[in-house]
Every structure is written in structure tokens, then in C-alpha cells.
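Here's a quick tour for anyone meeting this structure for the opening time. Take a look at the sequence and the model, then read on.

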Amino acid sequence: MNPAQLAPHDDAPGPLLTSGRDADVYALDEDRVLRRNRDGQSVLREAAIVRHVWAHGFPAPQVFRAEGADLEMERLHGPTLLQALAAEEVPLREGATMLAELLNRLHRLPVPQDDLLTVGNADDVVVHLDLHPANVVLTESHGPAVVDWSAARLGSAALDVATTALLLAEVAADEGGDYSHAAQVLLVAFLAAVDTDPLPALDEAVRLRTRDSHLVPGERELVPAAAALVTRYAHGAHS
Ligand SMILES: Nc1ncnc2c1ncn2[C@@H]1O[C@H](COP(=O)(O)OP(=O)(O)O)[C@@H](O)[C@H]1O
Ligand SMILES: [Mg+2]
């Protein structure tokens with residue numbers, strides 16, 4: 001991260017914790033953070049989903065306030081799963097199982113009845129659509145918890161699983177990259193532990209992923225090879 005990004009803005013509500021792809025996350029105090037969408041996008045749909053999953057006991061931050069682009073929520077304390085994997089504090093297989101179990105559990109929750117959320121198909125469930133190791137915080141008190149619900153909506157479980165598999169496979173497909181081998185191990189173990197076969201939704205996941213305006217050209221080029229890896233490893237896992 002560029003140190004200049006950490007410099008306080010005039011209108012900063014508190015110290016900047018991280019500045020991710022879409023949002024700035026500020027610490028308000030020990031117990032609360034404020035996540036602010038930089039493009040001003042409303043957080044109302046996201047807040048409705050997070051409140052729903054939290055109320056059903058799913059590990060996510062408690063929401064305190066949602067207004068405009070600001071989401072004020074419980075501050076989770078602990079490293080992200082990505083940090084823990086990189087530091088070898090969590091074995092790859094355990095990290096992969098964690099991701100799979102979080103999705104398995106999310107997809108079993110009751111579907112919220114909320115005007116902000118549209119149901120497309122009868123078998124739609126709550127989907128996160130961006131579950132990867134940097135969006136999991138390993139809390140001491142509540143175990144692994146899921147953050148970054150900005151893409152969440154009602155949709156097919158297969159699309160959610162295909163999206164996570166594709167995100168892992170993009171790192172695996174980057175053969176010269178430092179994490180290629182680790183990501184391949186994560187992908188294979190994830191596919192073995194997840195309940196839903198991603199293959200019926202892989203094409204749609206690829207379409208959504210290639211449409212992502214945040215993808216830099218180097219990443220976009222990895223998507224076809226990543227999809228081929230998902231196809232190869234998912235066949236063994238869900239046949
Ligand atoms: N409720 C929270 N408590 C503590 N840290 C958080 C919380 N929400 C997000 N973070 C941290 O901020 C980072 C970026 O937030 P995230 O919601 O993932 O936004 P982005 O879309 O920018 O990735 C996360 O990877 C996590 O480290
Ligand atoms: Mg994130």
C-alpha cells in the first residue's frame with residue numbers, strides 16, 4: 001500500500017485501517033469500524049444481507065449503522081486468513097476447508113424476505129460472491145468471520161462456489177507467481193470440501209469476473225486458464 005494513502009484525510013472519521021479495492025476501512029474505536037465505499041455506492045442492500053446472516057448466527061460483523069456509502073460495524077480483531085496462510089500459521093488444507101465450510105453454512109441459511117433483495121430462481125440462497133482468504137478475519141472470540149459483503153445478493157450456490165474457485169484458480173494459474181503452488185493446493189482442497197458442484201455456474205462466474213472493472217490486464221488474461229483449472233479439479237471432486 002502507498003504510505004500516502006494512510007495519511008489522514010480532512011474528513012476521515014478515524015485512523016485508516018486499510019484501503020482495499022472498493023472501500024476505505026476506518027477504526028472508530030476498539031469495537032467499531034466504518035467501511036466507506038469510495039465510489040459512493042449505497043450500502044443498504046449489503047447491510048440488509050449482513051444483518052440477516054448475523055441474526056441467524058453466521059459469523060459476520062454486527063451492523064450498527066448503514067447510511068449512504070457508510071457501513072458502521074463491529075470491529076473484528078485478528079489476521080485475515082490470507083495473512084495467516086502467508087505466515088504459515090494456518091495449513092493450506094485447513095484454510096481451504098474453512099472457506100468451503102463458510103460457504104456450505106451460508107448457503108443453508110433461510111432466505112431473507114426483503115424488498116431490497118430480488119429472488120431470481122426458486123432455489124436462490126444468500127451468496128457472498130467474493131469469498132476469498134482476504135475477506136475472512138480469524139477472530140479469537142468467534143473463529144473465522146466473513147467481511148466484504150458488497151457483492152452479496154440472492155443467487156445460486158453454484159455461482160458462489162464457482163466464484164471462490166475461480167479466484168483461487170487465478171492465483172494458481174499465474175505459474176511464475178510466488179503463491180501459484182499454494183493456491184493450487186487450496187483450490188483442490190476447497191473443491192473436495194465444498195457441498196455444491198461449481199461447474200454448472202462456471203461460465204457465469206467467468207462472465208462476472210471478466211466484467212469486473214477492477215481487474216488489471218494481467219489478471220484478466222489469467223481467467224481462461226483459471227476456468228480450465230476449476231473444470232479439471234472439480235470433475236474429480238463432484239463426479
Ligand atoms: N468489520 C471489520 N473489522 C475489522 N477489519 C475489517 C472489517 N471489515 C473489513 N476489515 C478489514 O479491511 C479489509 C478491507 O475491507 P473489505 O470490506 O474487504 O473491502 P474491499 O472491498 O476494499 O476489499 C479487510 O480485508 C479486512 O482486513
Ligand atoms: Mg475485501
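Before anything else, keep in mind that this is a predicted model. Let's start with the stretch from residue 17 to residue 115: its end C-alpha atoms lie 33 Å apart, and the span is 34% helix and 24% strand. Residues 123–166 have end C-alpha atoms 22 Å apart, with 23% helix and 32% strand in that span. What ties these two spans together is a record: UniProt, in an unreviewed entry, places the feature "domain: Aminoglycoside phosphotransferase" at residues 17–115 and 123–166.

Now for the ligand. Where does ligand 1 sit? You'll find ligand 1 in the largest pocket. Strands β2 (23–27), β3 (32–37) and β5 (70–74) are the elements that give two or more residues to the shell around ligand 1.

And who are the neighbours? There are 18 residues around ligand 1, and R35, E74, L76, A134 and N135 come nearest. Sorted by character, the shell around ligand 1 holds eight nonpolar, four polar and six charged residues.

Some contacts involve the protein backbone. The table lists distances from an oxygen atom of ligand 1 to a polar backbone atom of the named residue.

| Residue (polar backbone atom) | Distance to an oxygen atom of ligand 1 |
|---|---|
| R21 | 3.0 Å |
| D22 | 3.3 Å |
| A23 | 3.3 Å |

How much of ligand 1 does the protein bury? Taken alone, ligand 1 exposes 550 Å², and the protein buries 89% of that.

Technical notes
Residues numbered from 1 in each chain as written. Chains lettered and ligands numbered in written order. Predicted model: local features only at pLDDT ≥ 70, side-chain atom pairs only at ≥ 80, totals over all residues. Heavy atoms only, no water. UniProt positions renumbered as here; feature names shortened; annotations may be inferred. Helix = DSSP H or I, 4+ residues; strand = E, 2+ residues; numbered from the N terminus. Near = heavy atom within 4 Å. Polar contact = N/O pair within 3.5 Å; in protein donor to acceptor, adjacent residues only side chain to side chain. Areas by Shrake-Rupley, 256 points an atom, 1.4 Å probe, with all protein chains shown as cover. 1 Å grid on protein atoms, 1.4 Å probe; cavity = no way out; pocket = protein on both sides within 12 Å on 5 of 7 lines; lining within 4 Å. Sits in = over half its atoms within 2 Å of the grid points. Nonpolar A, V, L, I, M, F, W, Y, C, P; charged D, E, K, R; others polar.
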